[in-house]
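Let's sit down together and learn how to read charged pairs and surface patches in a protein model.

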Amino acid sequence: LPIWGYAFAYECGEKLGGFVSQYESELCQCDLDADVIRTQKAYARSKKPAFTVGAQGGKRGLLRPVRPDPYLPEDPAAADAYLDELFSMQTASLAARLQNTGLSRMVVGVSGGLDSTLALLVSAAAADALDLPRENVVAVTMPGFGTSDRTYFNALSLIEHLGATGRDISIKAAVLQHFEDIGHDPAKKNTTYENAQARERTQILLDLGNQIGGIAVGTGDLTEEALGWCTFGGDALAGYNVNVTVPKTAIRRIVAMLAEESTDAELAAILRDILDTPISPELLPPDESGSITQKTEEILGDYEVHDFYLYYFVKYGFSPKKLLFYAENAFDDRYTEEQLRTWLATFLRRFVGGQFKRSVAPEAAAITDFGLSSMDFSVPSDMSARTLLRELEN
C-alpha cells in the first residue's frame, strides 16, 4: 500500500515516538521535556532518522519513552558499536598520554574486579597500539585482609593471559605496621581499617611508577566518582584514569563484549567469571567459606539505578522529584517505589558529599556525554544535600 502519513516527535535529535501509515493524516502525542531542551545548546545527528512504527511512551502518564539505560543507543547493533567505540577511545586516550609524556610503561593495580579488569585490557591494547611489548604493562596484585580467592586467582590468570608483567605484593604486613604506628586496633573494622588498605595500595602503584618510569593507570569509574565510593588519597588518585568518564553499567557491557569477541577461550572464561563476581571493594574479611561479605550494591543500591539518576541529574539538572518520577517510568515494576526513593536519597547525599574527592581526581579523556572532573562539573565542597533531600521527603 502507498504510504501517505508521517507523524514523528523528536527532541534534540532523539526520537520519542512516531508513525508511518497509509492514511493521509496521523497524530503522534509525546511529552517534550523543557529541562532536556534547555540544557542542549546545540545538537546534531550524522545519520538520518530510521522511521519505525509503534514507539511506546511511559507507563505512568508520561507520553514519552524512558529507557533504564540512557547512556546507550536503543538499537542493539548501535549499542554494540558505541561500546566498541568507547573501548577504542579509552585505548587511544591512554596511548596519547604515554606519547605526550614520553613514557612507555604503565602500572595497573588488578583486583579481579570489573574496573581494574577493563583498565588492564585498555592498557594492553594501548601497548599494542604503540607497538610496545605487553611486558611494559606492570600489573600488580595486592592482596589484603578482604581479598577472596576467587578475585585473587582471576586477577593472576588475567595478567598471565594478557602477557603483562605481574607483580604480587601483599599489603597485610605494611598495613599492620601502619596500624601499630598510628595506634589503631586492627580488630576495629571501621573506616580507618578500610581506607588504610586503599591508601597503601595507591602508594605502591605510584612508587612503582616512579621506579620504572611509568604512569599509574587509574581504574575507578564514573559511577564510583559520582557516589564518592573511593578513598581520598587512595584509589581516587592516579597518574591518568581510563575509566572515570564511563559509568559502571557500561563498564560491565564493555567487558562482556570483549569476552564475547575474544578468540582465547580461557581468557573469555576468566572475563565471564569476573562479570559474575559480586562487586566489592574487598576491604573487610571474607566469611568462613571464603566468600565476599562486602557487596557494594547491597550497601548503596543497584548500580543501574544510580547510573540512571546520575545521567538525568548531571546532564539535564532534574530535580529529585522529577528524577524519581522518571525512574518509576523507566524501571516500572522492577523496583518498588520505596527502593527507588531510598537509593535516590543515597545518591543525592553521596553525590554532594563526595565533591571534595572529585576536586583532586586524576585527568581523563572526556569520551562520554559528561564527566565529573573539576573542568567539566563542580559543586561547592561544603554544599549541603538538605534542600535536595527535603524535596524528596515531601
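Below, a learner and a teacher talk through salt bridges and then a nonpolar patch in this predicted model.

Q: How many salt bridges are there here?

A: Start with the general idea: side chains of opposite charge can pair when their charged atoms come close. In this structure the count comes to 14 salt bridges.

Q: Which residue does E363 pair with?

A: E363 forms a salt bridge with R97, and their closest N and O atoms are 3.0 Å apart. E363 sits in the loop between helix 14 (355-358) and helix 15 (386-393), while R97 belongs to helix 2 (residues 76-101), so the pair ties together parts that are 266 residues apart in sequence. E363 is partly exposed, at 47% relative accessibility, and R97 is partly exposed at 21%.

Q: What do R272 and E260 tie together?

A: These two side chains meet in a salt bridge at 3.7 Å, N to O. R272 is in helix 9 (residues 265-276) and E260 in helix 8 (residues 248-261), so the bridge links parts 12 residues apart in sequence. R272 is partly exposed, with a relative accessible area of 40%, whereas E260 is exposed at 61%. Elsewhere, bridges with shared partners join D115, D221, E224 and K248 into one network.

Q: Which residues make the nonpolar surface patch?

A: Here we turn from charge to nonpolar side chains. F232, L237, F356 and V360 make a patch of about 300 Å². F232 is found in the loop between helix 7 (222-227) and strand 7 (240-241), and F232 is partly exposed, with a relative accessible area of 37%.

Technical notes: Residues are numbered from 1 along each chain as its sequence is written. This is a predicted model: local features need pLDDT of at least 70, side-chain atom pairs count only at pLDDT 80 or more; totals for chains, interfaces and linings use all residues. Side-chain values use heavy atoms; hydrogens and water are left out. Patches are made of residues with over 30% relative accessible area and no salt bridge: like charges are joined within 9 Å, nonpolar side chains (Val, Leu, Ile, Met, Phe, Trp, Tyr) within 5 Å. Accessible areas come from the Shrake-Rupley method with a 1.4 Å probe; for residues, only the protein chains shown count as cover. A salt bridge is a side-chain nitrogen of Lys or Arg within 4 Å of a carboxyl oxygen of Asp or Glu. Helices (H or I, at least four residues) and strands (E, at least two) are DSSP runs, numbered from the N terminus. Buried means under 20% relative accessible area, exposed over 50%, partly exposed in between (1.4 Å probe, protein chains only).
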